[in-house]
Amino acid sequence: MRVGFFVTCLVDLMRPSIGFAAIRLLEAGGATVYVPPAQTCCGQPAYNSGDREDARALALKVIEEFEGCDFLVAPSGSCSGMIRTHYADLFSDDSALLARAQALAARTRELTDFLVNELRLERPPGRFDGTITYHDSCAGLREMGVKDQPRALLAKVPGLTLHEMSEAEMCCGFGGTFAVKFGEISTRLADNKCTHIANSGADAVVLGDLGCMLNIEGRLRRRGDRRTRVLHVAEVLAGESPDAPAR
């Protein structure tokens, strides 16, 4: 199985450890991983801002780079959701490109969904000694149907205990440019999320999208929480979690 790995912009620029952890998991499940060296953005920021020309150009680049793979896998419900849900809209006026976009969309998966339903990974290589709570990122939940998959994998990690938080499915307030355009609403949502995380008593909050991670961690630290770790599910499953923050 040849799996094309879509790194995502944020992982590439802000936390490459997530990418390496994801590749380790894919290889542990028996996949041959291909990472197109010139890949860039999926086009979502442009698409959400109404810049269809740039979004279309980026989408075509992704199609050309990954259409030779059996699957495209991303450690992000947001980016995989863009490809799976919105690429067809970008090429609705071109039947040939639309067919290519739809074909790639049908082979696009979010990481934990792919590990559970395609690779059927039984033994994640990681270990985590402590308690976690899980935040369901909006795009992963609503566009990619990711809910039980990460929890099923985390349940197999030695030493890990899951404490569910209240309103785990509620938005953290990021939403890409939403956090910039509607700062006060975003901050209130982030504060609500941080309160629920604290009330769970968990050592770490785990999730599947780096945008949400950055938003939640930034708000936790501004509120004075230096204890709670903010980790991507791939890092926990692969046993490659960064060190805990200073207290």
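The following paragraphs describe a four-stranded sheet, a buried strand with its partners, and a nonpolar surface patch in a predicted model. In this predicted model, local features require pLDDT of at least 70 and side-chain atom pairs count only at pLDDT 80 or more, whereas totals for chains, interfaces and linings use all residues. Residues are numbered from 1 along each chain as its sequence is written, and side-chain values use heavy atoms, with hydrogens and water left out.

Four strands form an open sheet in the order E2-E1-E3-E4 with parallel pairing, where strands (E, at least two residues) and helices (H or I, at least four residues) are DSSP runs numbered from the N terminus, and two strands pair if DSSP finds at least two bridges between them. Strand E2 (32-34) and strand E4 (108-110) stand at the edges, and each has a single partner strand, so one side of each is left without a neighbour in the sheet. From one strand to the next, the twist averages 35°, angles being taken between N-to-C directions on a scale from 0 to 180 degrees, with axes fitted as lines to C-alpha atoms and, for helices, over the stretch in contact. Strand E1 (residues 2-5) is joined to E2 by three bridges in a parallel arrangement, and Thr32 in E2 is the bridge partner of Arg2. Helix H5 (residues 77-90) packs on the sheet, where it touches strand E3 (71-74) and E4, and its direction makes about 160° with that of E4; contact here means heavy atoms within 4.5 Å.

Strand E5 (residues 130-134) is largely enclosed by the rest of the structure, because five of its five residues are buried; buried denotes under 20% relative accessible area, exposed over 50%, and partly exposed the range in between (1.4 Å probe, protein chains only). Gly130, Ile132 and Tyr134 on one side of E5, and Thr131 and Thr133 on the other, are all buried, so that both faces are covered. E5 pairs in the parallel sense over three bridges with strand E6 (residues 160-162), in which Thr161 is the bridge partner of Thr131. Three bridges in the parallel sense also pair E5 with strand E7 (residues 204-207), in which Val206 is the bridge partner of Tyr134.

On the surface, Leu10, Leu13, Met14 and Leu214 form a nonpolar patch with about 390 Å² of accessible area together, as obtained by the Shrake-Rupley method with a 1.4 Å probe, only the protein chains shown counting as cover for residues. Patches consist of residues with over 30% relative accessible area and no salt bridge, nonpolar side chains (Val, Leu, Ile, Met, Phe, Trp, Tyr) being joined within 5 Å and like charges within 9 Å; a salt bridge is a side-chain nitrogen of Lys or Arg within 4 Å of a carboxyl oxygen of Asp or Glu. Helix H1 (residues 9-14) gives the most to this patch, with three residues. Leu10 lies in helix H1 and counts as partly exposed because its relative accessibility is 33%.
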